[in-house]
Amino acid sequence: MSGTVSSPVYELRDNWGRVARDLRVSLTDRCNLRCSYCMPPEGLDWLPTEETLTTEEVQRLLAIAVNMLGIEKIRFTGGEPLLRKSLQEIVAFAHSLRTSVGTSPNLALTTNALGLDKQAQKLAEAGLNRVNISLDSIQPKTYAHISHRDRLKDVFQGIDAAQKAGLTPIKINAVALRGANENGLNALLRFSLQRGLQLRIIEQMPLGPRETWSRSNMVPEQEILEIFSEQFTLTTASYDPHSPARLWNVAEGEDHPAGQVGIIASVTRPFCTTCDRTRLTADGQMRTCLFGNAETDLRSLLRSGASDEEIARVWQEGMALKKPGHGIDDPSFVQPERYMSEIGG
Ligand code: SAM
Ligand code: SF4
């Protein structure tokens, strides 16, 4: 299947009326950091190569998603997507696809930025539109404590390269962690404003080692706002209802220009009712949500000679069953078996 213009044959509509237009693709479960909230310090049992989708298989699913299922936005993630050797090739292929209105899909990357200094320009040339860079602290000790690696300099070099390559707007993702980085959130916001980056603070979700999360100990949106209000003047800003981040305008201060900050309050203010995402894991399982354990096995279909139409139909049937919400606050909630890095955040 090639990148030709066509109307979607099916759309990814669930039984609650939501239509998925945004595809999150995990390109690997491997990573060169060990962020405490995402994976254990010793790492995980990585997927064997033969269980990971090949470049051709990823490309085929991307083409089905855009040409037949109405996908308009693709975000590459992982694990760490920069570790996938064929990333530029996959981005270039995705850029060659055409949505039902005849444009290339919007292409984004979520990355820890290690090695982005060497890849940013080539990725931009391949058609990547923008990047989200994960950075939980600008203090070297705190960064190393959280990620278990002393690589803060690499992240700064990656941010510089992404800005030079025009991969903008650059969003900085930081997970708020009690006792680890909450005291540095104001410094992170000041740094982001000074550099023209949009900071988004994410509430920690139960998707990493089990002992690292509890509902009573996580830092909720309300507390994050109180921390920022100590040093910044915030007013509510308008935002896209499909975007998980609620935005605030930050007034100009003595040492920083005006800008915006976002908070992704996935736990205390779920955005499930407007969620327009569908997900592919690195081993070819389609998931409707980060939470829950339901998966639709597209890899087996790919490897058993199924046609594009069959794969699209099975994808559509799987998406129809998307649950109305993640239910973290429900007493019956059970943490998913896979960690965040094994799903693709
Ligand atoms: N390695 C890349 C990175 O870190 O940007 C991409 C994959 S990572 C799983 C994607 C995003 O998920 C990151 O911004 C990370 O901070 C976030 N994340 C990981 N575990 C999380 C958790 N338990 N709660 C909230 N966000 C989490
Ligand atoms: Fe790796 Fe990203 Fe998970 Fe950190 S959050 S361990 S960078 S996959």
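Which residues line the second largest cavity? In this predicted model, the lining consists of Asp14, Arg18, Val19, Ala20, Cys275, Asp276, Arg277, Met319 and Lys322. The space inside amounts to about 30 Å³. Five of the lining residues are charged and four are nonpolar. No polar residue takes part.

Two cavities of 30 Å³ or more were found in the structure. The largest has a volume of about 40 Å³. Its lining draws on Val25, Ser26 and Leu27. Thr52, Leu53, Val58 and Arg84 also contribute. Leu280, Thr281 and Ala282 complete the set. By class, this lining holds six nonpolar residues, three polar residues and one charged residue. In the second largest cavity, by contrast, the count is four nonpolar, no polar and five charged.

Attention now turns to the ligands. Ligand 1 is surrounded by 18 residues. The closest are Tyr37, Gly79, Glu80, Ser134 and Met205. The shell comprises 10 polar, six nonpolar and two charged residues. Three strands each supply at least two residues of this shell. They are strand S5 (106–111), strand S7 (171–176) and strand S8 (198–203).

Polar contacts to ligand 1 involve both backbone and side-chain atoms. A backbone N or O atom of Tyr37 lies 3.0 Å from a nitrogen atom of the ligand. Tyr37 is also among the closest residues of the shell. At Thr111, a backbone N or O atom sits 3.3 Å from an oxygen atom of ligand 1. Asn173 contributes through its side chain. There, a polar atom lies 3.4 Å from an oxygen atom of ligand 1. On its own, ligand 1 has 540 Å² of accessible area, and the protein covers 95% of this.

Ligand 2 has a shell made up of Cys31, Leu33, Cys35, Cys38, Met39, Gly79 and Asn112. Five of these residues are nonpolar and two are polar. None is charged. The shell around ligand 1, in turn, includes two charged residues. Gly79 belongs to the surroundings of ligand 2 and is also one of the closest residues to ligand 1.

Note on methods:
Residues numbered from 1 in each chain as written. Chains lettered and ligands numbered in written order. Predicted model: local features only at pLDDT ≥ 70, side-chain atom pairs only at ≥ 80, totals over all residues. Heavy atoms only, no water. Near = heavy atom within 4 Å. Polar contact = N/O pair within 3.5 Å; in protein donor to acceptor, adjacent residues only side chain to side chain. Areas by Shrake-Rupley, 256 points an atom, 1.4 Å probe, with all protein chains shown as cover. Helix = DSSP H or I, 4+ residues; strand = E, 2+ residues; numbered from the N terminus. Nonpolar A, V, L, I, M, F, W, Y, C, P; charged D, E, K, R; others polar. 1 Å grid on protein atoms, 1.4 Å probe; cavity = no way out; pocket = protein on both sides within 12 Å on 5 of 7 lines; lining within 4 Å. Points joined across faces, edges and corners; volume = space filled by probe spheres on them.
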